[in-house]
Amino acid sequence: MVLTRLILGVGVGALTLVVPMWNAETAPVSLRGRLTTLFQVCVTVGILIAYLGDLLVVNGHWRLALIMGALPALVILACARILIESPVWTRPEAGRAKSSPAAAPPSPSPALVSVALDKESVALAPASTDGPMPFAQVVREYPTCLAIAIFLPVTQQLCGINAIMLYAPQILEAMDLGISISLGGILTAFWNFLSTLSSLPFVDTLGRRPLLIGGFLGVAAGNLMVAAGFSIGNNVLCGVGLIVYLLGFELGPGPLYFVVVTEVFESRVKARLNGLSNALLWGMNLVISLFYLSVSAALGTVATFYCFLVVSLLGAGLSYAYVPETKGRVLSELHAELRRQPFPL
């Protein structure tokens with residue numbers, strides 16, 4: 001059981017790295033934000049299904065609940081045959097184009113090809129056949145990109161989202177609202193899903209920066225309400241705080257993390273910085289999962305949510321300082337601006 005969980009973790013981690021990257025590299029500029037945000041929408045759907053699957057475990061059908069986890073993987077394998085390869089990977093000047101018909105992937109539909117090869121669909125950085133850039137060179141030449149790769153996943157996780165999602169049933173139970181643990185988890189996951197949908201109309205219209213900064217501020221407001229509600233014993237304020245928190249998170253740092261990191265790193269540093277960022281994302285997820293209850297018991301729930309509040313404000317400030325607006329930008333031009341850009345702080 002432990003071994004299979006480890007294998008599952010490797011697979012999920014790889015998908016969270018590759019899927020948003022593929023979306024960004026094959027999408028037209030006008031749809032790039034929305035198509036990449038759909039990844040987060042699907043994540044929230046999966047979380048909701050997982051909470052519903054817990055009902056099977058409660059009723060003794062735990063094997064069926066585990067089998068349900070294999071269905072998405074089977075769907076991905078079945079659909080992989082119709083997916084096009086990213087133009088960033090197959091362009092001839094990158095030295096990765098397939099040279100023999102036997103090695104070529106199956107031909108996708110003409111409609112998909114026309115979208116992926118549209119001259120505006122992907123902005124290619126200058127081709128390089130030297131492989132991934134050494135990390136020391138990344139630090140020297142892309143300090144702003146490195147800062148984004150570090151602070152964005154750290155603040156996105158340490159602002160408290162997984163404390164909310166993993167322990168929402170216990171939090172709702174502590175509010176004494178009369179909601180069962182199972183129902184509390186389902187309601188939280190459903191609102192999380194609806195909140196993510198709300199970001200789709202705005203990511204390619206308002207832009208990435210306003211949503212990211214405003215989302216962090218919304219998360220901060222939610223943390224403040226929850227902390228204040230627990231402090232004065234006001235259950236209604238706690239409930240409103242959870243609603244505001246999830247709405248702010250799924251308007252901003254939840255989906256925008258994947259949008260930003262797939263847009264600001266050019267191909268020569270993408271492997272290094274996306275890998276680092278993804279490792280930090282899941283590393284901070286693990287930290288919250290392991291230590292939230294212990295920290296909450298040691299500091300108290302109120303102080304813990306005030307800590308999340310501080311991290312949320314830090315995320316908003318760092319996003320304002322470092323994250324460029326990428327809406328509608330030709331990414332090769334953006335990458336040229338970011339190269340050797342000094343730290344703004």
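Thr16, Leu17, Pro20, Tyr257, Phe258, Val261, Thr262, Asn274, Ser277 and Asn278 line the second largest cavity of this predicted model. That cavity holds about 70 Å³ of space, and the structure has two cavities of 30 Å³ or more. Cavities like these turn up with a simple trick: rolling a probe the size of a water molecule over the atoms shows where empty space is left.

So who builds the wall? Three helices each chip in at least two residues to the lining of the second largest cavity: α1 (2–26), α13 and α14 (267–299). Helix α13 gives the most, with four residues. As for the chemistry, the lining is split between five nonpolar and five polar residues, and no charged residues appear in it.

Charged side chains do show up elsewhere, in the salt bridges. Side chains of opposite charge can pair when their charged atoms come close. A search of the whole structure turns up five such salt bridges. One of them joins the side chains of glutamate 263 and arginine 32, with 2.6 Å from N to O. Glutamate 263 sits in helix α13 (residues 253–263) and arginine 32 in helix α2 (residues 32–58), so this pair ties together parts that lie 231 residues apart in sequence. Both of these residues, glutamate 263 and arginine 32, are buried.

Helix α2 has a hand in another long-range link. Aspartate 204, from the loop between α10 (181–197) and α11 (208–232), pairs with arginine 34 of helix α2, so parts 170 residues apart in sequence are tied together. The N to O distance in this salt bridge is 3.2 Å. Are its two partners buried or partly exposed? Aspartate 204 is buried, because its relative accessible area of 12% falls under the 20% cut-off. Arginine 34, at 32%, is partly exposed.

A third salt bridge brings together the side chains of arginine 268 and glutamate 266, at 2.8 Å from N to O. Arginine 268 counts as buried, with a relative accessibility of 18%. Glutamate 266 counts as buried too, at 3%.

Finally, some of the salt bridges share partners, and in this way Arg32, Arg34, Asp204, Arg208 and Glu263 are joined into one network. Among the members of that network are the two buried residues of the α13 to α2 pair, glutamate 263 and arginine 32.

Notes
Residues are numbered from 1 along each chain as its sequence is written. This is a predicted model: local features need pLDDT of at least 70, side-chain atom pairs count only at pLDDT 80 or more; totals for chains, interfaces and linings use all residues. Side-chain values use heavy atoms; hydrogens and water are left out. A salt bridge is a side-chain nitrogen of Lys or Arg within 4 Å of a carboxyl oxygen of Asp or Glu. Buried means under 20% relative accessible area, exposed over 50%, partly exposed in between (1.4 Å probe, protein chains only). On a 1 Å grid over the protein atoms alone, a cavity is a set of points where a 1.4 Å probe fits but cannot get out, and a pocket is an open set with protein on both sides within 12 Å along at least five of seven lines; lining residues have an atom within 4 Å of a point. Grid points are joined across faces, edges and corners, and a volume is the space filled by probe spheres set on the points. Ala, Val, Leu, Ile, Met, Phe, Trp, Tyr, Cys and Pro count as nonpolar, Asp, Glu, Lys and Arg as charged, and the others, Gly among them, as polar.
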